[in-house]
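Okay, thanks for coming, everyone. Let me put the structure up and then walk you through its charged pairs and its helix packing.

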Amino acid sequence: RCPHCKGRGITGRTVAAEIVRPDYEMTAHIAARKDLDAWRLWRAKPGVAGMSALEVGLLKMRQGLVSPSDIEAVFGRIQRTTEEKRSEWKP
């Protein structure tokens, strides 16, 4: 039995969400209806700033902060790694 989580498999609660902080360049792309360019800028952001909610959830799952069953309840069955999913989403 894990003394840290007391056998629950997770500790506390946390949020797995997409973070979008539009800068001037991204806003200009959106205004010009260049959605793909805006999306590419967002995906190029470092860390969790350019990650989807699923990717953030999987990252937090690997860190022991989120239960796999919680991830699957929101996003469906976990079948592949984040890296495999991320490569599929690139245009």
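So, D37: it's partly exposed, at 29% relative accessibility, where partly exposed sits between buried, under 20% relative accessible area, and exposed, over 50% (1.4 Å probe, protein chains only). Before I go on, this is a predicted model, where local features need pLDDT of at least 70 and side-chain atom pairs count only at pLDDT 80 or more, while totals for chains, interfaces and linings use all residues. Residues are numbered from 1 along each chain as its sequence is written, and side-chain values use heavy atoms, with hydrogens and water left out.

Back to D37. Its partner is R40, in a salt bridge with the closest N and O atoms 3.8 Å apart; salt bridge here means a side-chain nitrogen of Lys or Arg within 4 Å of a carboxyl oxygen of Asp or Glu. R40 and D37 are 3 residues apart in helix α2, so about one helical turn separates them. Helices, by the way, are DSSP runs of H or I, at least four residues, and they're numbered from the N terminus. R40 is partly exposed too, at 40%.

How many salt bridges does the structure hold? There are 3. Another one joins E55 and R43, with 2.8 Å between the closest N and O atoms. That pair links distant parts of the chain, E55 in helix α3 and R43 in helix α2, 12 residues apart. E55 is buried, with just 1% relative accessible area, and R43 counts as buried at 10%. Then there's D23 with K45, at 3.1 Å, N to O. D23 lies in the segment before α1 and K45 in the loop between α2 and α3, 22 residues apart.

Now, α3 itself. 7 of its 10 residues are buried, so the helix is largely enclosed by the rest of the structure. What does α3 pack on? A53, L54, G57, L58 and M61 meet P68, I71 and F75 in α4, with contact meaning heavy atoms within 4.5 Å. Those contact residues divide into 7 nonpolar, 1 polar and no charged. The two axes come within 10 Å and cross at roughly 170 degrees, which makes α3 roughly antiparallel to α4, a label for angles over 145 degrees.

Last thing, confidence: the chain averages a pLDDT of 83, on the predictor's per-residue scale from 0 to 100. Helix α5 has the lowest mean among the elements, 59, and α1 the highest, 96. Where pLDDT is low, the predicted coordinates should not be read in detail.

Key:
Axes fitted to C-alpha atoms, helices over the stretch in contact; angles between N-to-C directions. Helix = DSSP H or I, 4+ residues; strand = E, 2+ residues; numbered from the N terminus. Parallel < 35°, antiparallel > 145°, perpendicular 65-115°, else oblique. Nonpolar A, V, L, I, M, F, W, Y, C, P; charged D, E, K, R; others polar.
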